[in-house]
Structure formats: C-alpha cells, structure tokens
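Thanks for making time this morning. I would like to walk you through one model, starting from a single position and working outwards, so please have the structure open in front of you.

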Amino acid sequence: MWDIFLKTLPFFMLIGLGYGAARTKFFSEEATVYLTKFVFYFALSAMLFRFAANLSLDAILDWPFVFAYLSATLVVYLVATGAAIKRGAPMTEAAVEAQCATIGNVGFLGIPMLVLLLGEAAIGPVMMVLAVDLIVFGSLIVILITGSRDGRMSPKILWTVAVGLVKNPMIVSISLGLIVSGLRVSVPVPINEFLALLGGAATPGALFAIGASLAGKSAERIAVAGWLSFCKLILHPIAVAVAALMIFNIAPYAAGVMIAAASLPVAGNVYMIAQHYNVAPARASAAILLSTIASVITVSVTIGWVTTYLG
C-alpha cells in the first residue's frame with residue numbers, strides 16, 4: 001500500500017504545484033483558463049485519439065462492462081438525489097449533487113494516472129468509463145436542470161444536449177479514433193509521433209490545471225460537501241465493485257480499472273455546469289475541493305487494493 005501511495009504521490013504533487021502557483025498569484029486565473037483550454041482541446045484530445053485509433057474495437061467496447069458501471073453509478077446517483085430532495089433541495093440542486101456524487105475526474109486525472117499505474121491495458125476500460133460519464137450523465141444533468149426549470153421536456157432541451165456532446169472534444173476525439181480503428185486505417189508514423197508528443201503534455205498540463213483551478217474553489221456547505229465526497233470516494237467505488245464482481249462477473253483486471261476510475265475525486269466540469277446554470281456552484285466547488293484533498297489517501301488505498309487482489 002505504501003508503494004502505491006508513493007507512486008500516486010507525484011500526481012498529487014503536480015496538483016499541489018498548480019494550486020500553489022495559482023494561490024500565490026504567480027499563475028493568474030486567466031492563465032489557468034488558457035492552460036485548461038490547451039489541455040482540453042489539444043493535448044488530451046490528441047492522447048484520446050491516439051489511444052482509440054491504435055486499439056481494436058474489441059479492446060474498447062465491452063457491453064457487460066458498460067452495464068456494470070452504468071447500473072452501479074445510477075444507484076449512487078439515485079441515493080444522492082434522494083438525500084438532496086429529502087433535505088428539501090429542489091430538483092435542479094439535487095441533479096448537481098448527484099453529479100458530484102458520481103462523476104469523477106476521469107479525463108484530466110484518471111486517464112494519465114491509471115494508464116501509468118495500471119498499464120496500457122487500462123486504456124480501453126478507462127475510455128469506456130469516460131464515455132458513459134460524458135454521454136449518459138453529462139446529458140442527464142442538462143436534461144434534469146433545464147427540464148425542471150421549464151416544467152417539461154422539449155426539442156430545445158434535446159438539441160442543447162446534442163450540441164453539447166458534439167462540441168465536447170473528448171467525445172469527438174474518441175469517436176474519430178474509434179472510426180479510424182473500425183476502418184482498420186493505419187495511422188502514419190509521423191502523425192502517430194506528433195500525437196504522442198502533443199498528448200505527452202496532457203498529464204503534467206492537466207494535473208497542474210486541476211491544482212490551479214482548485215485555488216479558486218471555496219469550502220462552503222462543508223457538511224453537504226463532505227457527504228458528496230463520501231459518496232464519490234467511498235460509496236461509488238464500493239457500488240461499482242459489487243456490480244462488476246458480484247453481479248456482472250467482469251474480468252478481474254477490467255473490474256479493477258473500473259473500480260479505480262470510480263474512486264477518483266469529483267470532476268471539475270461539474271462546477272462549470274453548476275456555474276453555467278447558476279445552480280449550487282459553491283456546493284459543487286466545495287465538493288471538488290474536499291474530494292480532491294481526501295483522494296490523496298482514498299485513491300491510493302483503492303488502487304492498492306485493486307492491484308493486490310485483482311491485479
């Protein structure tokens with residue numbers, strides 16, 4: 001376990017470096033925005049496209065895996081939604097809290113860290129988790145917030161969801177990569193090396209950007225943020241482990257990657273959605289901050305368990 005902690009520590013040290021740079025104003029808020037754009041639209045997209053284009057579809061598309069992760073995540077999603085409604089929160093806020101309880105930082109933190117720690121075979125499972133998070137739950141929160149405000153479903157809501165998916169560079173890069181893979185087109189060596197060089201900036205850039213963005217996060221509504229962090233870091237990976245190992249009988253290695261991905265802290269894009277719709281942004285901010293701090297320990301413990309018992 002100590003060895004795993006030491007292996008994950010450099011990732012969190014990079015996050016801490018970004019946090020310190022932004023907190024001391026050495027790295028401005030505007031700089032953080034542009035670094036995040038570079039990682040999101042260029043470096044991470046290059047990494048995802050290269051991974052998808054150089055894998056066979058069989059290595060990525062696994063329906064029992066998708067159903068195991070989706071069903072477990074839905075259970076935690078409903079638990080968080082129910083807890084929020086019981087507390088008296090409106091449906092819009094419940095949707096944001098449910099998103100905090102289930103959607104981890106797979107793109108910026110999970111892909112670079114899990115692939116390095118668990119091996120390149122983790123690429124396919126991690127990309128499936130990311131696809132479910134983006135397509136299913138990324139759409140669901142928009143539908144719940146806009147539908148609750150309008151009081152009904154409308155073509156406008158579905159159009160907003162569709163446009164959001166098409167504009168997401170992670171979805172676009174994965175889709176294009178899968179098309180290349182499905183057509184069995186060999187990526188030319190210079191292009192592959194270009195993508196590897198550009199994608200190599202994704203790991204340090206993404207981790208630094210995570211830390212820098214945390215410098216602007218507040219820790220309001222600690223009790224709720226603590227509950228949401230518990231759901232994300234503890235309840236979510238436990239639910240995924242039960243679904244993967246006891247219900248769907250997923251292969252141990254793939255199940256381990258899925259559990260490790262489920263243990264990641266709250267994704268930063270939850271705050272962006274909450275801020276965009278002006279629905280509990282401070283609550284999402286606090287959940288991201290607390291879960292990221294706590295994940296230094298919890299993620300190491302989860303990956304340690306995964307590599308010991310399922311590796």
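Let me start with Ser263, which counts as buried because its relative accessibility is 0%, and I should say at once that what we are looking at is a predicted model. In terms of secondary structure, Ser263 sits in the loop that joins α13 to α14, the latter covering 268-276. If we set aside the neighbours within four places in sequence, the residues that Ser263 contacts are Lys232, Leu233, Pro237, Val299 and Thr302.

Next comes Ala262, which belongs to helix α13 and which is likewise buried, since its relative accessible area is 0%. Again leaving out neighbours within four places in sequence, Ala262 touches Lys232, His236, Pro237 and Val240, and you will recall that Lys232 and Pro237 are also among the contacts of Ser263. There is, in addition, a long-range relation to point out here: Ala262 and Thr73 are separated by 189 residues in sequence, yet their C-alpha atoms are 8.6 Å apart in space.

That brings me to the packing of α13 itself. Which residues of α6 and α13 meet? On the α6 side they are Val106, Leu114 and Leu118, and on the α13 side they are Tyr253, Val257, Ala260 and Ala261. Sorted by class, this contact is made up of 7 nonpolar residues, with no polar and no charged ones. As for the geometry, α6, which runs over residues 106-118, and α13, which runs over residues 252-262, pack at an angle of about 140°, and their axes are 10 Å apart. The two helices are therefore oblique to each other, and the crossing of α6 past α13 is right-handed.

Let me now step back to the protein as a whole, which has 15 helices and 0 strands. Its C-alpha trace spans about 55 × 45 × 40 Å along the principal axes, and the radius of gyration is 18 Å, which agrees with the value near 19 Å that a compact globule of 311 residues would have. Of those 311 residues, 52% count as buried. Finally, if we consider the contacts with a separation of 6 or more, 85% of them are between residues 24 or more positions apart.

To close, I would ask you to go back to the starting point and look once more at Ser263, buried at 0% relative accessibility, in the loop between α13 and α14.

Conventions
Residues are numbered from 1 along each chain as its sequence is written. This is a predicted model: local features need pLDDT of at least 70, side-chain atom pairs count only at pLDDT 80 or more; totals for chains, interfaces and linings use all residues. Side-chain values use heavy atoms; hydrogens and water are left out. Axes are lines fitted to C-alpha atoms, for helices over the stretch in contact, and angles run from 0 to 180 degrees between N-to-C directions. Helices (H or I, at least four residues) and strands (E, at least two) are DSSP runs, numbered from the N terminus. Angles under 35 degrees count as roughly parallel, over 145 as roughly antiparallel, 65 to 115 as roughly perpendicular and the rest as oblique. A crossing is left-handed if the near helix is turned anticlockwise from the far one by less than a right angle, and right-handed if clockwise. Contact means heavy atoms within 4.5 Å. Ala, Val, Leu, Ile, Met, Phe, Trp, Tyr, Cys and Pro count as nonpolar, Asp, Glu, Lys and Arg as charged, and the others, Gly among them, as polar. Buried means under 20% relative accessible area, exposed over 50%, partly exposed in between (1.4 Å probe, protein chains only). The radius of gyration is taken over C-alpha atoms; the globule rule is 2.2 Å times the number of residues to the power 0.38.
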